[in-house]
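Visitor: I'd like to learn how to read a model like this one, feature by feature. Can you walk me through it?

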Amino acid sequence: MNFVWYLIWFVVAVGLLVTVHEFGHFWVARRLGFKVLRFSIGFGRPLLTRVAGADRVEYVVAAVPLGGYVKLLDEREGPVEPRDLPRSFTHRPPWQRILVLLAGPLFNILFAVLVLWAMLWVNGVTEVRAKVGDVTTGSIAARAGLAAGDRIVAIDSVPVNDFRQIVDYISARPGERVNIDYRRGGATHSVQVTVASEEAAGRRIGRIRVQQPAGVTYPPDMLLHTELGVSGALARAGGEAWNMTMLQARLFWRMVLGRVSLKNLSGPLSIAEFAGDSAEAGVASFMSFLVLISLSLGFLNLLPIPILDGGQILFQLVEWLKGSPLSDRAQALGQQVGIALLIVLMGVALYNDIARQFG
């Protein structure tokens, strides 16, 4: 796969997701009565400009497609006519400013949920049945008598239909004793096992060492396909988006605490590679990539770093609580700290990218 291919799909992904993000700010600001001056897709020299609406909003497509922005009326950035002051950013109530700032990340999360919903509604879900494919010699499962081909039907009387449910249930119970019901040769058996407690990615998880076979094509009797209706697909999409976002949050927090290596951070080179590879694999794969990156963009922008939406929300909350804005000096200091943190994070991520290329 060549560099141009990766670059094209990186630009497509970033351009689309940043547009979704900025449209969230734009749409909510307009609905709440803020005066919007410009909605730009991209940075740098304008390639296309259109002025429309009663507010004469500038809609711009700029030369550098790796970003975008929404410019709101703000007397801190220039003179404002007295009749427009009530619609400037700093003259709107803090709760409205917070909603505008929240809208960008939330639109990224909503975009991911809608894409997942459409994919699940159209394609349904195909999962591996709760059938044992491999039991590691000497493992807890082996000592309990479980063998390849056994179909696990319930754990602690909770029915399980696919292998993921087994993993989720066991992982959440390190060191606990569980009862496993399984079928073999038409007969149902029951066995009690004590779940092993192991450390993975900085936390304790449960394992019994029952595995799916790696690198094989599953026969039809091991696969379970479920068609989902509109509401079922939406509920599943929301659940999967929540789980992915929480996983990112836990991983980031463990990095902050030093429990997970910063080598897990990926930068633009890795993201471009993922974008190109997923596009090569097909539409479904690329859409899944967009879901993951959109959720990441939403989560990262909610972090309380002053230069990001989350940091600006923190400033507005402080103003709301104390009844007056933070001093210009405090806000400037916060911005400088935020920029420094982002530079460090981006530097580490880029270093990881380069190390992976040579590793």
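Visitor: Let's take helix H9 to begin with. What span should its 31 residues have, and how far apart are its end C-alpha atoms?

Guide: Keep in mind that this is a predicted model. The general idea is a rise of 1.5 Å a residue, so the 31 residues of H9, 328–358, should span 45 Å. The end C-alpha atoms of H9 are 45 Å apart, which agrees.

Visitor: Which residues of H9 are buried?

Guide: Here's the general idea: an α-helix has 3.6 residues a turn, so residues three or four places apart point the same way. In H9 the buried residues are Gln 331, Gly 334, Gly 338, Ala 349, Asn 352 and Asp 353. They pack against helix H6 (268–281) and helix H8 (309–322).

Visitor: Let's turn to H6, then. What span do its 14 residues predict?

Guide: Same rule of 1.5 Å a residue: the 14 residues should span 20 Å, and the end C-alpha atoms of H6 are indeed 20 Å apart. After H6 comes Gly 282, with a positive phi near 130°.

Visitor: What covers the buried residues of H6?

Guide: The cover includes helix H1 (3–31), helix H7 (283–301) and H9. The buried residues themselves are Ser 270, Ala 272, Ala 275, Gly 276, Ser 278 and Ala 279.

Visitor: Why does Ser 278 count as buried?

Guide: The cut-off is under 20% relative accessible area. Ser 278 has 7% relative accessibility, so Ser 278 counts as buried. Leaving aside residues up to four places away in sequence, Ser 278 touches Ser 285, Phe 286 and Phe 289.

Visitor: On to strands. In what order do the four strands of the open sheet come?

Guide: Read across the sheet, pairing by pairing. Here the order is E6-E5-E7-E8, with antiparallel pairing. Strand E6 (158–159) and strand E8 (187–194) are the edges, each pairing on one side only. E7, residues 177–184, is joined to E8 by eight bridges, and Val 178 stands opposite Val 193 in E8.

Visitor: Which strands does helix H4 lie across?

Guide: H4, residues 163–171, lies across strand E5 (151–155), E6 and E7, and runs at about 45° to E5.

Visitor: And aromatic rings: how many pairs are there?

Guide: With ring centres within 6.5 Å as the cut-off, the count comes to 12 aromatic pairs. Take Phe 26 and Phe 39: their ring centres are 5.0 Å apart and their planes at 15°, so the pair is stacked. Phe 26 sits in helix H1 and Phe 39 in strand E1 (residues 36–52), so this pair ties together parts 13 residues apart in sequence. Phe 26 is buried at 8% relative accessible area, and Phe 39 is buried at 10%.

Visitor: What kind of pair do Phe 252 and Phe 299 make?

Guide: Centres 6.1 Å apart and planes at 75°, so the pair is edge-to-face. Phe 252 lies in helix H5 (residues 230–257) and Phe 299 in helix H7, so the pair ties together parts 47 residues apart in sequence. Phe 252 is partly exposed at 22%, whereas Phe 299 is buried at 14%.

Visitor: Which residues form the aromatic cluster with Phe 26?

Guide: Phe 23, Trp 27, Phe 39, Tyr 59 and Phe 107 join Phe 26 in one cluster.

Visitor: Finally, how many helices and strands does the protein have?

Guide: Nine helices and 12 strands. Buried residues make up 37% of the 359 residues.

Definitions and conventions
Residues are numbered from 1 along each chain as its sequence is written. This is a predicted model: local features need pLDDT of at least 70, side-chain atom pairs count only at pLDDT 80 or more; totals for chains, interfaces and linings use all residues. Side-chain values use heavy atoms; hydrogens and water are left out. Helices (H or I, at least four residues) and strands (E, at least two) are DSSP runs, numbered from the N terminus. The expected span of a helix is 1.5 Å times one less than its number of residues. Buried means under 20% relative accessible area, exposed over 50%, partly exposed in between (1.4 Å probe, protein chains only). Contact means heavy atoms within 4.5 Å. Two strands pair if DSSP finds at least two bridges between them. Axes are lines fitted to C-alpha atoms, for helices over the stretch in contact, and angles run from 0 to 180 degrees between N-to-C directions. Rings of Phe, Tyr and Trp (its six-membered ring) pair if their centres lie within 6.5 Å; planes under 30 degrees apart count as stacked, over 60 as edge-to-face and the rest as tilted.
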